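Biologist: I am new to this one, and I would like to go through it with you step by step. Could you show it to me before we start?

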Amino acid sequence: MRNVVSGGVTRESTDANPRSPLLPDRYPTPDLFICDIVDAAPKGDMASMEHPLFSLSTKPDTRMRRYEHNDSWIEIRPSSEGLATVHDRDILIYCISQIMAAINAGQKVSQTMRFKGVDLLKSTNRMTTGRGYDLLRVALERLAGTRITTNIMTGDKEITRGFGLIDSFEIVRETRDGRMQEVEVKLSDWVFNAIESREVLTLHRNYFRLRRPIERRLYELARKHCGRKPEWRISLDLLRRKVGSGSTLKEFKRLVNKVIDDDRRDNHMPDYTLRLEDRAGPNDDIVVFENRGSIPAVTGTRSSDAVIPPLDPDTYHDARLEAPGWDVYELERQWRSWLEMSGAEPPRKPDAAFVGFCRKWFARKGRG
(Lines give C-alpha, C1' and ligand atoms only; values in the text may rest on other atoms or scores of the structure.)
Protein backbone atom coordinates (compact mmCIF):
# COMPACT_ATOMS: atom_id res chain seq x y z
CA MET A 1 0.00 0.00 0.00
CA ARG A 2 1.15 3.53 -0.70
CA ASN A 3 -0.26 6.93 0.21
CA VAL A 4 -1.38 9.38 -2.48
CA VAL A 5 -1.86 13.03 -1.56
CA SER A 6 -4.75 14.62 -3.39
CA GLY A 7 -6.23 17.97 -2.46
CA GLY A 8 -4.19 18.01 0.74
CA VAL A 9 -5.75 14.74 1.95
CA THR A 10 -3.75 11.55 2.32
CA ARG A 11 -5.69 8.63 0.89
CA GLU A 12 -4.85 4.95 0.91
CA SER A 13 -3.97 3.28 -2.34
CA THR A 14 -3.17 -0.36 -3.08
CA ASP A 15 -0.27 -1.72 -5.11
CA ALA A 16 -0.95 -3.03 -8.59
CA ASN A 17 1.59 -5.77 -7.97
CA PRO A 18 -0.32 -9.07 -7.50
CA ARG A 19 1.99 -10.25 -4.70
CA SER A 20 0.59 -12.20 -1.78
CA PRO A 21 -1.46 -9.98 0.53
CA LEU A 22 0.22 -11.71 3.47
CA LEU A 23 3.72 -10.95 4.65
CA PRO A 24 5.99 -13.99 4.98
CA ASP A 25 5.79 -15.86 8.27
CA ARG A 26 9.26 -14.88 9.45
CA TYR A 27 9.26 -16.90 12.68
CA PRO A 28 7.06 -19.98 12.23
CA THR A 29 8.42 -21.75 15.33
CA PRO A 30 5.67 -21.32 17.98
CA ASP A 31 7.98 -20.59 20.92
CA LEU A 32 9.26 -17.47 19.18
CA PHE A 33 5.87 -15.88 19.83
CA ILE A 34 6.25 -15.91 23.59
CA CYS A 35 8.11 -13.92 26.20
CA ASP A 36 8.55 -15.90 29.42
CA ILE A 37 4.87 -16.97 29.36
CA VAL A 38 3.82 -19.95 27.28
CA ASP A 39 0.21 -19.05 26.44
CA ALA A 40 0.48 -15.39 25.40
CA ALA A 41 -1.98 -15.26 22.50
CA PRO A 42 -2.22 -11.92 20.67
CA LYS A 43 -4.89 -9.78 22.33
CA GLY A 44 -6.23 -6.31 21.60
CA ASP A 45 -8.29 -3.99 23.80
CA MET A 46 -11.85 -3.60 22.52
CA ALA A 47 -11.98 0.19 22.87
CA SER A 48 -9.17 0.84 20.39
CA MET A 49 -10.45 -1.98 18.16
CA GLU A 50 -13.84 -0.24 17.99
CA HIS A 51 -12.73 3.37 17.43
CA PRO A 52 -10.31 4.80 14.81
CA LEU A 53 -7.44 5.79 17.10
CA PHE A 54 -4.73 4.80 14.65
CA SER A 55 -3.76 6.27 11.30
CA LEU A 56 -3.87 4.13 8.16
CA SER A 57 -1.11 6.21 6.58
CA THR A 58 2.42 4.87 6.22
CA LYS A 59 3.76 8.44 6.13
CA PRO A 60 3.57 10.99 8.99
CA ASP A 61 -0.10 11.88 9.50
CA THR A 62 -0.36 15.23 11.29
CA ARG A 63 -4.12 15.72 11.04
CA MET A 64 -6.13 16.18 14.22
CA ARG A 65 -9.29 14.08 14.06
CA ARG A 66 -12.56 13.84 15.93
CA TYR A 67 -14.86 10.84 15.73
CA GLU A 68 -18.44 10.72 17.02
CA HIS A 69 -20.91 7.84 17.10
CA ASN A 70 -24.10 7.72 19.15
CA ASP A 71 -23.15 9.18 22.57
CA SER A 72 -19.42 8.50 22.24
CA TRP A 73 -16.78 10.92 21.00
CA ILE A 74 -13.03 10.85 20.74
CA GLU A 75 -10.40 13.40 19.70
CA ILE A 76 -6.91 12.35 18.62
CA ARG A 77 -4.06 14.87 18.37
CA PRO A 78 -0.76 13.95 16.72
CA SER A 79 2.75 14.62 17.97
CA SER A 80 5.50 16.09 15.83
CA GLU A 81 6.11 12.51 14.62
CA GLY A 82 2.48 12.22 13.51
CA LEU A 83 -0.39 10.06 14.71
CA ALA A 84 0.26 6.54 15.96
CA THR A 85 -0.32 4.11 13.09
CA VAL A 86 -2.07 0.77 12.77
CA HIS A 87 1.36 -0.89 12.70
CA ASP A 88 2.43 0.98 15.87
CA ARG A 89 -0.51 -0.74 17.54
CA ASP A 90 1.53 -3.99 17.42
CA ILE A 91 3.39 -2.76 20.51
CA LEU A 92 0.15 -2.34 22.46
CA ILE A 93 -1.07 -5.76 21.34
CA TYR A 94 2.18 -7.33 22.51
CA CYS A 95 1.99 -5.62 25.92
CA ILE A 96 -1.68 -6.50 26.40
CA SER A 97 -0.99 -10.12 25.43
CA GLN A 98 1.81 -10.51 27.95
CA ILE A 99 -0.15 -8.88 30.78
CA MET A 100 -3.26 -10.99 30.07
CA ALA A 101 -1.14 -14.15 30.03
CA ALA A 102 0.32 -13.16 33.41
CA ILE A 103 -3.17 -12.50 34.81
CA ASN A 104 -4.37 -15.89 33.58
CA ALA A 105 -1.36 -17.48 35.26
CA GLY A 106 -2.29 -15.82 38.56
CA GLN A 107 0.69 -13.46 38.55
CA LYS A 108 0.74 -9.88 39.79
CA VAL A 109 0.76 -7.26 37.02
CA SER A 110 1.29 -3.52 36.76
CA GLN A 111 1.04 -0.77 34.16
CA THR A 112 4.82 -0.82 33.70
CA MET A 113 6.38 -3.78 31.95
CA ARG A 114 9.85 -4.59 30.68
CA PHE A 115 10.64 -6.82 27.72
CA LYS A 116 13.36 -7.58 25.21
CA GLY A 117 13.09 -5.72 21.93
CA VAL A 118 13.80 -8.87 19.92
CA ASP A 119 10.91 -10.71 21.59
CA LEU A 120 8.45 -8.03 20.51
CA LEU A 121 9.83 -7.92 16.97
CA LYS A 122 9.58 -11.69 16.57
CA SER A 123 6.17 -11.96 18.22
CA THR A 124 4.74 -9.35 15.84
CA ASN A 125 6.45 -10.83 12.76
CA ARG A 126 8.77 -7.84 12.30
CA MET A 127 12.33 -7.77 10.99
CA THR A 128 15.09 -7.95 13.61
CA THR A 129 17.49 -5.88 11.50
CA GLY A 130 18.76 -2.43 12.47
CA ARG A 131 15.91 -0.99 10.40
CA GLY A 132 13.44 -3.02 12.47
CA TYR A 133 14.80 -1.54 15.72
CA ASP A 134 14.71 1.99 14.25
CA LEU A 135 11.04 1.57 13.31
CA LEU A 136 10.29 0.25 16.79
CA ARG A 137 11.84 3.33 18.40
CA VAL A 138 9.80 5.72 16.23
CA ALA A 139 6.64 3.71 16.93
CA LEU A 140 7.20 4.10 20.67
CA GLU A 141 7.59 7.87 20.21
CA ARG A 142 4.34 8.13 18.25
CA LEU A 143 2.43 6.05 20.80
CA ALA A 144 3.65 8.24 23.65
CA GLY A 145 3.12 11.47 21.69
CA THR A 146 -0.37 10.86 20.30
CA ARG A 147 -2.83 12.48 22.74
CA ILE A 148 -6.42 11.37 23.22
CA THR A 149 -9.45 12.96 24.84
CA THR A 150 -12.62 10.89 25.01
CA ASN A 151 -15.73 10.02 27.00
CA ILE A 152 -15.47 6.33 26.04
CA MET A 153 -15.33 4.18 29.14
CA THR A 154 -12.95 1.32 29.86
CA GLY A 155 -13.50 -0.76 32.96
CA ASP A 156 -16.69 1.22 33.70
CA LYS A 157 -14.57 4.37 34.18
CA GLU A 158 -14.92 7.50 32.08
CA ILE A 159 -11.63 9.34 31.54
CA THR A 160 -12.05 12.80 30.06
CA ARG A 161 -8.54 14.15 30.52
CA GLY A 162 -5.97 13.98 27.76
CA PHE A 163 -3.69 10.96 27.77
CA GLY A 164 -1.36 9.00 25.53
CA LEU A 165 -1.73 5.43 24.36
CA ILE A 166 1.34 4.78 26.49
CA ASP A 167 2.37 7.09 29.32
CA SER A 168 6.09 6.69 28.76
CA PHE A 169 8.82 4.40 27.51
CA GLU A 170 12.48 3.91 28.27
CA ILE A 171 15.16 2.01 26.42
CA VAL A 172 16.90 0.30 29.31
CA ARG A 173 19.80 -1.35 27.52
CA GLU A 174 21.18 -0.73 24.05
CA THR A 175 23.99 -2.42 22.13
CA ARG A 176 26.85 -0.52 20.52
CA ASP A 177 25.34 -0.94 17.06
CA GLY A 178 22.15 0.84 18.21
CA ARG A 179 19.91 -2.17 18.76
CA MET A 180 17.78 -1.93 21.87
CA GLN A 181 17.94 -4.96 24.13
CA GLU A 182 15.41 -4.09 26.82
CA VAL A 183 12.46 -1.72 26.70
CA GLU A 184 10.30 -0.48 29.56
CA VAL A 185 6.79 0.73 28.73
CA LYS A 186 4.18 2.25 31.03
CA LEU A 187 0.67 1.81 29.65
CA SER A 188 -1.93 4.55 30.03
CA ASP A 189 -4.67 4.26 32.66
CA TRP A 190 -7.19 3.90 29.82
CA VAL A 191 -5.50 0.85 28.30
CA PHE A 192 -4.70 -0.75 31.66
CA ASN A 193 -8.30 -0.32 32.86
CA ALA A 194 -9.43 -2.24 29.78
CA ILE A 195 -6.96 -5.04 30.55
CA GLU A 196 -7.96 -5.32 34.22
CA SER A 197 -11.63 -5.44 33.22
CA ARG A 198 -10.79 -8.12 30.62
CA GLU A 199 -12.17 -5.95 27.83
CA VAL A 200 -9.81 -7.65 25.39
CA LEU A 201 -10.20 -10.06 22.49
CA THR A 202 -7.83 -12.69 21.15
CA LEU A 203 -6.52 -11.97 17.64
CA HIS A 204 -5.49 -14.42 14.94
CA ARG A 205 -1.69 -14.61 14.62
CA ASN A 206 -1.96 -13.86 10.89
CA TYR A 207 -3.09 -10.36 11.89
CA PHE A 208 0.61 -9.46 11.99
CA ARG A 209 1.05 -10.77 8.45
CA LEU A 210 -1.58 -8.54 6.86
CA ARG A 211 0.25 -6.07 4.64
CA ARG A 212 -2.33 -3.32 4.28
CA PRO A 213 -3.37 -1.15 7.24
CA ILE A 214 -6.96 -1.14 5.95
CA GLU A 215 -7.07 -4.95 6.19
CA ARG A 216 -5.91 -4.85 9.79
CA ARG A 217 -8.64 -2.35 10.66
CA LEU A 218 -11.29 -4.39 8.86
CA TYR A 219 -10.23 -7.48 10.79
CA GLU A 220 -10.25 -5.63 14.13
CA LEU A 221 -13.78 -4.35 13.51
CA ALA A 222 -15.00 -7.79 12.42
CA ARG A 223 -13.41 -9.37 15.50
CA LYS A 224 -15.10 -6.77 17.73
CA HIS A 225 -18.57 -6.71 16.14
CA CYS A 226 -19.01 -10.05 14.41
CA GLY A 227 -17.17 -12.07 17.06
CA ARG A 228 -18.75 -15.53 17.18
CA LYS A 229 -21.93 -14.49 15.36
CA PRO A 230 -22.56 -15.85 11.83
CA GLU A 231 -22.37 -12.40 10.25
CA TRP A 232 -22.21 -8.66 10.86
CA ARG A 233 -23.65 -6.04 8.50
CA ILE A 234 -22.65 -2.37 8.34
CA SER A 235 -23.16 0.45 5.86
CA LEU A 236 -20.15 1.28 3.73
CA ASP A 237 -20.13 4.90 4.89
CA LEU A 238 -20.22 4.02 8.60
CA LEU A 239 -17.51 1.42 8.03
CA ARG A 240 -15.38 4.10 6.36
CA ARG A 241 -15.69 6.28 9.46
CA LYS A 242 -15.00 3.39 11.85
CA VAL A 243 -11.92 2.40 9.84
CA GLY A 244 -10.69 6.00 10.09
CA SER A 245 -10.13 6.35 6.35
CA GLY A 246 -9.56 9.80 4.86
CA SER A 247 -10.63 8.57 1.42
CA THR A 248 -13.79 9.61 -0.37
CA LEU A 249 -16.64 7.09 -0.20
CA LYS A 250 -16.02 6.14 -3.83
CA GLU A 251 -12.32 5.53 -3.23
CA PHE A 252 -13.03 3.63 0.00
CA LYS A 253 -15.45 1.37 -1.90
CA ARG A 254 -12.68 0.61 -4.40
CA LEU A 255 -10.28 -0.25 -1.57
CA VAL A 256 -12.81 -2.56 0.10
CA ASN A 257 -13.52 -4.27 -3.22
CA LYS A 258 -9.78 -4.80 -3.63
CA VAL A 259 -9.64 -6.55 -0.26
CA ILE A 260 -12.67 -8.67 -1.18
CA ASP A 261 -11.16 -9.66 -4.55
CA ASP A 262 -7.81 -10.55 -2.98
CA ASP A 263 -9.49 -12.62 -0.29
CA ARG A 264 -11.50 -14.54 -2.87
CA ARG A 265 -8.24 -15.36 -4.64
CA ASP A 266 -5.94 -15.97 -1.66
CA ASN A 267 -8.32 -16.69 1.25
CA HIS A 268 -5.98 -14.59 3.41
CA MET A 269 -8.26 -12.64 5.77
CA PRO A 270 -8.22 -14.29 9.23
CA ASP A 271 -11.44 -15.62 10.81
CA TYR A 272 -13.83 -13.65 8.58
CA THR A 273 -14.71 -13.15 4.91
CA LEU A 274 -16.44 -10.05 3.61
CA ARG A 275 -18.63 -9.10 0.69
CA LEU A 276 -20.20 -5.89 -0.58
CA GLU A 277 -23.91 -5.58 -1.33
CA ASP A 278 -24.48 -2.81 -3.88
CA ARG A 279 -27.69 -0.91 -3.30
CA ALA A 280 -29.58 1.70 -5.33
CA GLY A 281 -27.91 4.76 -3.85
CA PRO A 282 -24.18 5.36 -3.27
CA ASN A 283 -24.80 5.81 0.46
CA ASP A 284 -26.82 2.59 0.77
CA ASP A 285 -24.09 0.01 0.11
CA ILE A 286 -23.73 -2.65 2.81
CA VAL A 287 -20.59 -4.57 3.79
CA VAL A 288 -21.25 -8.05 5.20
CA PHE A 289 -18.65 -9.83 7.34
CA GLU A 290 -19.14 -13.59 7.62
CA ASN A 291 -17.61 -15.84 10.27
CA ARG A 292 -15.38 -18.59 8.87
CA GLY A 293 -16.05 -20.68 11.97
CA SER A 294 -12.39 -20.64 13.02
CA ILE A 295 -13.06 -19.11 16.48
CA PRO A 296 -13.89 -22.00 18.83
CA ALA A 297 -16.81 -21.80 21.20
CA VAL A 298 -16.11 -21.91 24.95
CA THR A 299 -18.15 -24.55 26.73
CA GLY A 300 -18.45 -25.60 30.33
CA THR A 301 -19.08 -28.94 32.00
CA ARG A 302 -22.20 -30.70 33.18
CA SER A 303 -20.75 -32.08 36.40
CA SER A 304 -23.13 -31.07 39.20
CA ASP A 305 -20.31 -29.99 41.49
CA ALA A 306 -18.24 -28.24 38.82
CA VAL A 307 -17.26 -24.58 39.02
CA ILE A 308 -18.27 -22.47 36.02
CA PRO A 309 -15.05 -21.43 34.27
CA PRO A 310 -14.16 -17.79 33.55
CA LEU A 311 -16.20 -16.33 30.73
CA ASP A 312 -14.65 -15.51 27.38
CA PRO A 313 -13.88 -11.80 26.80
CA ASP A 314 -16.25 -11.85 23.79
CA THR A 315 -19.08 -12.69 26.17
CA TYR A 316 -18.82 -9.40 28.05
CA HIS A 317 -19.10 -7.49 24.79
CA ASP A 318 -22.24 -9.46 23.83
CA ALA A 319 -23.64 -8.98 27.34
CA ARG A 320 -23.26 -5.20 27.09
CA LEU A 321 -25.25 -5.23 23.85
CA GLU A 322 -28.04 -7.22 25.52
CA ALA A 323 -28.11 -5.13 28.72
CA PRO A 324 -27.02 -1.59 27.80
CA GLY A 325 -26.31 0.67 30.76
CA TRP A 326 -25.79 -2.19 33.21
CA ASP A 327 -22.52 -3.21 34.87
CA VAL A 328 -21.99 -6.62 33.26
CA TYR A 329 -19.57 -7.69 36.01
CA GLU A 330 -22.23 -7.08 38.65
CA LEU A 331 -24.71 -8.98 36.48
CA GLU A 332 -22.22 -11.85 36.26
CA ARG A 333 -21.87 -11.87 40.06
CA GLN A 334 -25.64 -12.05 40.46
CA TRP A 335 -25.91 -14.74 37.76
CA ARG A 336 -23.29 -16.93 39.43
CA SER A 337 -24.90 -16.37 42.83
CA TRP A 338 -28.31 -17.32 41.42
CA LEU A 339 -26.91 -20.54 39.95
CA GLU A 340 -25.30 -21.44 43.26
CA MET A 341 -28.38 -20.65 45.35
CA SER A 342 -30.76 -22.45 42.99
CA GLY A 343 -28.70 -25.62 42.94
CA ALA A 344 -29.17 -25.76 39.18
CA GLU A 345 -26.86 -27.88 37.07
CA PRO A 346 -24.06 -25.78 35.52
CA PRO A 347 -24.98 -24.83 31.95
CA ARG A 348 -23.31 -26.70 29.11
CA LYS A 349 -22.49 -23.39 27.44
CA PRO A 350 -21.97 -20.84 30.24
CA ASP A 351 -21.12 -17.96 27.89
CA ALA A 352 -24.39 -18.33 25.98
CA ALA A 353 -26.28 -18.82 29.26
CA PHE A 354 -24.90 -15.59 30.74
CA VAL A 355 -25.77 -13.59 27.62
CA GLY A 356 -29.30 -15.02 27.80
CA PHE A 357 -29.49 -14.02 31.47
CA CYS A 358 -28.52 -10.43 30.56
CA ARG A 359 -31.12 -10.37 27.79
CA LYS A 360 -33.88 -11.39 30.21
CA TRP A 361 -32.60 -8.97 32.85
CA PHE A 362 -32.85 -6.05 30.43
CA ALA A 363 -36.30 -7.17 29.29
CA ARG A 364 -37.50 -7.03 32.91
CA LYS A 365 -35.70 -3.92 34.18
CA GLY A 366 -34.80 -1.83 31.14
CA ARG A 367 -31.74 0.39 30.84
CA GLY A 368 -29.46 0.67 33.86
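**A guided tour by question**

Modeller: Gladly, and let us begin inside: Ala194 is buried, with a relative accessible area of 0%. Please keep in mind that this is a predicted model.

Biologist: Which helix does Ala194 lie in?

Modeller: Let us look at what surrounds Ala194 in the chain. Trp190, Val191, Phe192, Asn193, Ala194 and Ile195 are buried members of one helix, which is mostly covered, with 6 of its 8 residues buried. That helix spans residues 189–196 and is called H5.

Biologist: How far apart in space are Ala194 and Ile96, C-alpha to C-alpha?

Modeller: Along the sequence, 98 residues separate Ala194 from Ile96. In space, the C-alpha atoms of the two are apart by 9.5 Å.

Biologist: Which residue with a positive phi follows H5?

Modeller: Go past the end of H5 and look at the backbone there. The phi angle is positive, near 60°, and the residue is Arg198.

Biologist: How much of the chain counts as buried?

Modeller: The chain has 11 helices and 16 strands. Among contacts with a separation of 6 or more, 69% are between residues 24 or more positions apart. Of the 368 residues, the share that counts as buried is 51%.

Biologist: What share of the residues has a pLDDT of at least 70?

Modeller: The average pLDDT over the chain is 80, and the share scoring at least 70 is 79%. Over residues 1–16 the pLDDT is below 50, and this stretch has 43 contacts in the model beyond near neighbours in sequence. Residues 297–306 also have a pLDDT below 50, with 21 such contacts. To come back to your question, the share is 79%.

Biologist: Is Val86 buried or exposed?

Modeller: Val86 sits in the loop between strand E5 (72–77) and helix H2 (89–104). Leaving out residues up to four places away in sequence, Val86 touches Phe54, Ser55, Leu56, Tyr207, Pro213, Arg216 and Arg217. Its relative accessibility is 1%, and the cut-off for buried is under 20%, so Val86 counts as buried.

Biologist: How far is Val86 from Ile214 in space, C-alpha to C-alpha?

Modeller: In sequence, Val86 and Ile214 are 128 residues apart. In space, their C-alpha atoms are apart by 8.6 Å.

Biologist: Which helix gives the most to the lining of the second largest pocket?

Modeller: This pocket has a volume of about 780 Å³. The lining has 30 residues, and Thr58, His87, Arg126, Leu135 and Arg211 lie nearest the centre. Helix H4 (130–145) and helix H6 (213–225) each supply at least two lining residues. With 6 residues, the one that gives the most is H4.

Biologist: How many of the residues lining the second largest pocket are charged?

Modeller: Sorted by class, the lining has 12 nonpolar and 7 polar residues. The number of charged residues in the lining is 11.

Biologist: Asn125 and Asn267 both interest me. Is Asn125 buried or exposed, and is Asn267 buried or exposed?

Modeller: Asn125, in the loop between helix H3 (117–123) and H4, has a positive phi near 65° without being a glycine. Asn267, in the loop between H8 and strand E15 (272–277), is not a glycine either and has a positive phi of about 55°. With relative accessibility of 4%, Asn125 counts as buried. At 52%, over the 50% cut-off, Asn267 counts as exposed.

Biologist: What is the distance between the end C-alpha atoms of helix H8?

Modeller: H8 covers residues 249–266, which makes 18 residues. At 1.5 Å a residue, the helix should span 26 Å. The end C-alpha atoms agree with that, being apart by 25 Å.

Biologist: And in H8, what is the relative accessible area of Asp263?

Modeller: Asp263 lies in H8, where the buried residues include Leu249, Phe252 and Asp263. Beyond residues up to four places away in sequence, Asp263 touches His268, Met269, Tyr272, Thr273 and Arg292. Pro21 is 242 residues from Asp263 in sequence, yet 8.5 Å away in space, C-alpha to C-alpha. Asp263 is buried, and its relative accessible area is 6%.

Definitions and conventions. Residues numbered from 1 in each chain as written. Predicted model: local features only at pLDDT ≥ 70, side-chain atom pairs only at ≥ 80, totals over all residues. Heavy atoms only, no water. Helix = DSSP H or I, 4+ residues; strand = E, 2+ residues; numbered from the N terminus. Expected span 1.5 Å × (residues − 1). Buried < 20%, exposed > 50% of the residue type's maximum accessible area, 1.4 Å probe, protein only. pLDDT = per-residue confidence, 0-100. Contact = heavy atoms within 4.5 Å. 1 Å grid on protein atoms, 1.4 Å probe; cavity = no way out; pocket = protein on both sides within 12 Å on 5 of 7 lines; lining within 4 Å. Points joined across faces, edges and corners; volume = space filled by probe spheres on them. Nonpolar A, V, L, I, M, F, W, Y, C, P; charged D, E, K, R; others polar.
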